[in-house]
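Biologist: Please take a close look at one part of this model, the largest nonpolar core. Which residues have the most contacts inside it, and which elements give two or more residues to it?

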Amino acid sequence: MQIRSRLQLTRFCTVLAFLLCGGNALAEPVLRFSSSLTLEHDAEWFGGWSALEVTDGGRRLIALSDRGHLIHADMQRSDGTLQAITLTQDAALTREIGPPLIKSDKDAEGLAIAPDGRAFASFEYRNRITRVDLDTGMLSGEIAVPFTRDVGRNSGLEMLAVDAEGILFAMAEKAPAPGATFELFAYRSGQWTRAARIPKRGPFLPVGGDFDPAGRLWILERAATLLGFRSRIRLLDFSHDAPRDDTLLTTQPAQFDNLEGLSVWPDTSGILRVTMISDDNFLRIQDTQIVEFIVEE
């Protein structure tokens with residue numbers, strides 16, 4: 001994904017107090033539902049898709065699963081609306097050096113592609129970030145994360161995003177203590193810093209994120225209920241004198257499946273779109289859904 005504008009890291013700190021107060025009255029973007037497709041494949045490894053990127057103006061999809069697999073797919077569209085998806089390539093994640101990956105090493109949850117083409121994957125259970133070759137699935141250049149002692153085995157590094165400067169941003173899924181906030185960390189020049197504290201609102205936990213061409217951070221959140229999964233999209237906009245923290249979408253239980261991956265991208269006409277993918281947990285009662293919205297501003 002090509003991101004042209006710059007997001008200044010220092011803005012995160014200056015707007016913290018504002019975010020905790022809950023946003024402002026400026027007009028916010030509107031998400032208009034576009035399409036939802038179910039993606040199926042009969043291979044045993046297919047499922048558990050937790051991260052994705054949409055590239056080439058909406059013509060290509062790349063996804064990672066929480067069991068260590070990578071896929072590429074062509075996205076067929078009519079007047080911009082998604083009509084079909086065809087898998088074109090797949091690869092198992094492997095180490096560049098060392099023994100084969102074991103189960104606890106494979107739980108990929110986030111994917112981010114930097115402006116220079118480098119791709120990064122984030123992992124739960126053994127929380128870390130690595131480079132990933134999107135053609136071969138080869139992992140290299142492991143980056144330790146700053147919060148491994150504070151998260152559980154299944155509540156770790158879910159959200160991974162990269163800004164226009166190539167700075168990685170990461171946030172754990174673990175719910176903070178009552179009254180506390182989610183901590184957003186930034187990685188640049190080999191060092192992690194705390195970039196911001198994001199207020200927790202309701203039962204939702206962060207599972208995906210992406211920057212748009214305007215430098216805004218989109219966060220996909222999820223809540224599990226007895227009636228099914230709920231999803232929420234929040235937009236953190238730091239480009240104005242009065243920054244915004246807007247909730248753009250909150251779904252009803254079971255309106256969609258277990259949405260975990262998020263990609264925000266401009267199509268060939270410059271219209272911004274949001275694509276999400278669901279993790280079916282390898283259960284027959286769940287589906288791999290691709291859900292798209294159009295951003296109207």
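Modeller: The largest nonpolar core has 18 residues. Those with the most contacts inside it are L31, W218, I233, L262, V274, M276 and F293. Keep in mind that this is a predicted model.

Six entries make up the list of elements that give two or more residues to this core: β16 (217-225), β17 (228-237), β18 (244-250), β19 (259-266), β20 (272-278) and β21 (289-296). Another core lies apart from it, with 17 residues, among them M159, A161, I198 and L217. In general, nonpolar side chains in soluble globular proteins tend to be buried together.

Now zoom in on L262. Leaving out residues up to four places away in sequence, L262 touches L52, G209, D210, W218, L220, I233, V274, T275 and M276.

G209 also takes part in strand pairing: its bridge partner in β16 is I219. β15 and β16 pair in the antiparallel sense over six bridges. They belong to an open sheet of four strands, in the order β15-β16-β17-β18, with antiparallel pairing. Its edge strands are β15 (205-211) and β18, and each pairs on one side only. On average, neighbouring strands of this sheet are turned by 25° against each other, direction ignored.

Step back to the protein chain. Its secondary structure comes to two helices and 21 strands. Of its 297 residues, 54% count as buried. Among contacts with a separation of 6 or more, 52% join residues 24 or more positions apart. The chain exposes about 12900 Å², and carbon and sulfur atoms supply 49% of that area.

Definitions and conventions:
Residues are numbered from 1 along each chain as its sequence is written. This is a predicted model: local features need pLDDT of at least 70, side-chain atom pairs count only at pLDDT 80 or more; totals for chains, interfaces and linings use all residues. Side-chain values use heavy atoms; hydrogens and water are left out. A nonpolar core is a set of buried Ala, Val, Leu, Ile, Met, Phe, Trp, Tyr and Cys residues joined through side-chain atoms within 4.5 Å. Buried means under 20% relative accessible area, exposed over 50%, partly exposed in between (1.4 Å probe, protein chains only). Contact means heavy atoms within 4.5 Å. Two strands pair if DSSP finds at least two bridges between them. Axes are lines fitted to C-alpha atoms, for helices over the stretch in contact, and angles run from 0 to 180 degrees between N-to-C directions. Accessible areas come from the Shrake-Rupley method with a 1.4 Å probe; for residues, only the protein chains shown count as cover.
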